[in-house]
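User: Please take me through this structure by question and answer, at a level that suits a first-year student.

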Amino acid sequence: MIEWLALGLATVSLLVVIILWRSLGRVRSAAKEEREQLLGKVESLRRQLVEMHSGTIGMGQRLQAMEGLVNRLQDNQQELSLQDPERKLYSRAAKMVELGADIEELMAECELPKAEAELLISLRKGRP
């Protein structure tokens, strides 16, 4: 009787081990599948990061090019303003108006006709 009881316990134990082994296999398969999905997501995010990095580098290069262009344009503008003596006169006249010069002073100092001096004063005084 004890032998039968021991044999029964051994059989039940064996069945429990088999059931647990199968459950462990299913858990292991599910974990492996989830791992594969996560690795795929990581790879996708890595590719997106590489694309964003490349785009950022390209944007930085374009910004540097634009900054160089702006600097060259500013230099050209400054050269042109220095080369144009008439522009110098108008710049000086505008500065004089800002400092409070009247029509007669503008006409005398900058050799402007009266109409231009009046126009310059009215334009400058109209600004806030």
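User: Which residues form a nonpolar patch on the surface, and what is their accessible area together?

Analyst: Patches are made of residues with over 30% relative accessible area and no salt bridge, with like charges joined within 9 Å and nonpolar side chains (Val, Leu, Ile, Met, Phe, Trp, Tyr) within 5 Å. A salt bridge is a side-chain nitrogen of Lys or Arg within 4 Å of a carboxyl oxygen of Asp or Glu, and accessible areas come from the Shrake-Rupley method with a 1.4 Å probe, only the protein chains shown counting as cover for residues. The nonpolar patch is formed by Val12, Val16 and Leu20, with a joint accessible area of about 270 Å².

User: Where is valine 16 placed?

Analyst: Helices (H or I, at least four residues) and strands (E, at least two) are DSSP runs, numbered from the N terminus. Residues are numbered from 1 along each chain as its sequence is written. Valine 16 belongs to helix H1 (residues 2–83).

User: Is valine 16 buried, partly exposed or exposed?

Analyst: Buried means under 20% relative accessible area, exposed over 50%, and partly exposed in between (1.4 Å probe, protein chains only). Because its relative accessibility is 44%, valine 16 counts as partly exposed.

User: Which element has the lowest mean pLDDT, and which the highest?

Analyst: This is a predicted model, in which local features need pLDDT of at least 70 and side-chain atom pairs count only at pLDDT 80 or more, while totals for chains, interfaces and linings use all residues; side-chain values use heavy atoms, with hydrogens and water left out. pLDDT is the predictor's confidence in each residue, from 0 to 100. The protein chain averages 86, and 91% of the residues score at least 70. Among the elements, the lowest mean pLDDT (78) belongs to helix H2 (residues 85–98) and the highest (89) to H1.

User: How many salt bridges are there by this rule?

Analyst: Side chains of opposite charge can pair when their charged atoms come close. One of the pairs joins arginine 46 to glutamate 43, with the closest N and O atoms 2.6 Å apart. By this rule the count of salt bridges is four.

User: Which residues are linked in a network of salt bridges?

Analyst: Arginine 46 and glutamate 43 both lie in helix H1, three residues apart, about one turn of the helix. Glutamate 43 also forms a salt bridge with arginine 47, the closest N and O atoms being 3.7 Å apart. Because glutamate 43 and arginine 47 are four residues apart in helix H1, about one helical turn separates them. The network links Glu43, Arg46 and Arg47.

User: With which residue does arginine 92 form a salt bridge?

Analyst: The closest N and O atoms of the pair are 3.0 Å apart, and the partner of arginine 92 is glutamate 109. Arginine 92 lies in helix H2 and glutamate 109 in helix H3 (residues 103–110), so the pair ties together parts that are 17 residues apart in sequence. At 41% relative accessibility, arginine 92 counts as partly exposed. With a relative accessible area of 43%, partly exposed is also the class of glutamate 109.

User: What phi does glutamate 111 have?

Analyst: Most residues other than glycine have a negative phi. Glutamate 111 is found in the loop between H3 and H4, and at 68% relative accessibility it counts as exposed. Although glutamate 111 is not a glycine, its phi is positive, at about 55°.

User: Is leucine 112 buried or exposed?

Analyst: Leucine 112 is found in the loop between H3 and H4. Leucine 112 and isoleucine 2 are 110 residues apart in sequence and 129 Å apart in space, C-alpha to C-alpha. Because its relative accessible area is 8%, leucine 112 is buried.

User: What span should helix H4 have, and how far apart are its end C-alpha atoms?

Analyst: The expected span of a helix is 1.5 Å times one less than its number of residues. The twelve residues of helix H4 (residues 114–125) should therefore span 16 Å, and this agrees with the distance between its end C-alpha atoms, which is 16 Å.

User: Why do the buried residues of H4 line one face of the helix?

Analyst: The buried residues of H4 are Ala117, Leu120 and Ile121. Seen down the axis of H4, these residues fall within an arc of 100°, so they line one face of the helix; the arc is that of the directions from the helix axis to the C-beta atoms. The face turned away from the buried side of H4 carries the exposed residues Ala115 and Leu123. The value that accounts for the single buried face is the arc of 100°.
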